[in-house]
Amino acid sequence: MTSIIHCDIALNEDDCEKLLGIIQGNILKIAEALAGDLHWYSQNAQLVPDSFHIISIQPSDNNRFKMLYDFSWNLFNPCLDLNETFKRREEVMFQVTPGALVFEVIDNTRPSPADEL
C-alpha cells in the first residue's frame, strides 16, 4: 500500500533536512496510514492527534530513504478503568519521485470474518 505526499520536489533530491521539513509539514495527510490499524491492540485504541515525531531520515539507494518515526496512541475504557497512552516507534521506506514522496506503508488492517473463511 502506498501513501503519497504531493510536493514541489526534484527527482534527485537527497537533502534529508529538506525532506524532513516537507514530511513534517504534511505528516497529517498520511498519519493514519503510518499509524496503521490500532484495533489490533483494542477496539478502543485511538491515535493521539499531532503526536507524530520524525526521529531520522536516512538515505538508502536509488532515490529511496528510510524514515524512523514515533507516535502516541491512547486506550480509554471506563468499564475496565483504563486510560493509558502508549508510544510506538516505527520505520517506513519512501521514494522521491517527480512532484511527490511515495511511502511504502504496510497494510495491517484486521481481516474481516469473511476474509478468514
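**Burial, pairing and packing in a predicted model**

Visitor: Is R88 buried or exposed, and at what relative accessible area?
Guide: Buried means under 20% relative accessible area, exposed over 50%, and partly exposed in between (1.4 Å probe, protein chains only). R88 falls under that first limit, so it is buried, with a relative accessible area of 13%.

Visitor: What kind of model is this, and what pLDDT do local features need?
Guide: Residues are numbered from 1 along each chain as its sequence is written, and side-chain values use heavy atoms, with hydrogens and water left out. The model is predicted: totals for chains, interfaces and linings use all residues, side-chain atom pairs count only at pLDDT 80 or more, and local features need pLDDT of at least 70.

Visitor: Which residue forms a salt bridge with R88?
Guide: A salt bridge is a side-chain nitrogen of Lys or Arg within 4 Å of a carboxyl oxygen of Asp or Glu. Here the closest N and O atoms are 2.8 Å apart, and the partner of R88 is E90. At 26% relative accessibility, that partner is partly exposed. The name is E90.

Visitor: Which residues do shared salt-bridge partners join into one network?
Guide: Side chains of opposite charge can pair when their charged atoms come close. Where salt bridges share partners, they make one network. Its members are D61, R64 and E104.

Visitor: How far apart in sequence are the parts that R64 and E104 tie together?
Guide: The salt bridge between R64 and E104 has its closest N and O atoms 2.6 Å apart. R64 lies in strand β4 and E104 in strand β6, so the pair ties together parts that are 40 residues apart in sequence. Strands are DSSP runs (E, at least two residues), as helices are (H or I, at least four), numbered from the N terminus. The separation is 40 residues.

Visitor: How many salt bridges does the structure hold?
Guide: One of them joins K18 to E13, with the closest N and O atoms 3.4 Å apart. K18 is partly exposed at 38% relative accessibility, whereas E13 is buried at 15%. The structure's total is four.

Visitor: Over how many bridges do β4 and β5 pair?
Guide: Two strands pair if DSSP finds at least two bridges between them. K66 stands opposite M93 in β5. β4 and β5 form a hairpin with four residues between them, and D81 in the turn has a positive phi of about 55°. Their sense is antiparallel, and the bridges number 14.

Visitor: Which residue in the turn of the β5 and β6 hairpin has a positive phi?
Guide: β5 and β6 pair in the antiparallel sense over five bridges. T97 stands opposite A100 in β6. The hairpin has two residues between its strands, and the residue with a positive phi, about 80°, is G99.

Visitor: Which element supplies the largest share of the largest nonpolar core?
Guide: A nonpolar core is a set of buried Ala, Val, Leu, Ile, Met, Phe, Trp, Tyr and Cys residues joined through side-chain atoms within 4.5 Å. Of the 30 residues in the largest one, I23, L34, I57, M67, F94, L101 and F103 touch the most other members. At least two residues each come from α1 (16–35), β3, β4, β5 (82–97) and β6 (100–104). The largest share, ten residues, comes from α1.

Visitor: Which residues is I57 in contact with, leaving aside neighbours within four places in sequence?
Guide: Contact means heavy atoms within 4.5 Å. With those neighbours set aside, the list for I57 is C16, L19, L20, I23, F65, K66, M67 and F94.

Visitor: Which backbone oxygen lies 2.8 Å from a polar atom of the S51 side chain?
Guide: S51 sits in the loop between β2 (45–47) and β3 (53–59). S51 is buried, at 14% relative accessible area. The backbone oxygen 2.8 Å from its side chain belongs to V48.

Visitor: Which residues does S51 touch, not counting those up to four places away in sequence?
Guide: S72, in strand β4 (residues 64–77), is buried with a relative accessible area of 12%. Its own contacts beyond four places in sequence include L47, T85 and S51. Seen from S51, the list is D70, F71 and S72.

Visitor: How many disulfides are there?
Guide: A disulfide is a pair of cysteine sulfur atoms within 2.5 Å. The count by this rule is zero. C7 is in no disulfide, since its nearest cysteine sulfur, that of C16, is 14 Å away. The number of disulfides is zero.

Visitor: Is C79 buried or exposed, and at what relative accessible area?
Guide: C7 counts as buried at 17% relative accessibility. C79 is exposed, with a relative accessible area of 74%.

Technical notes
Polar contact = N/O pair within 3.5 Å; in protein donor to acceptor, adjacent residues only side chain to side chain.
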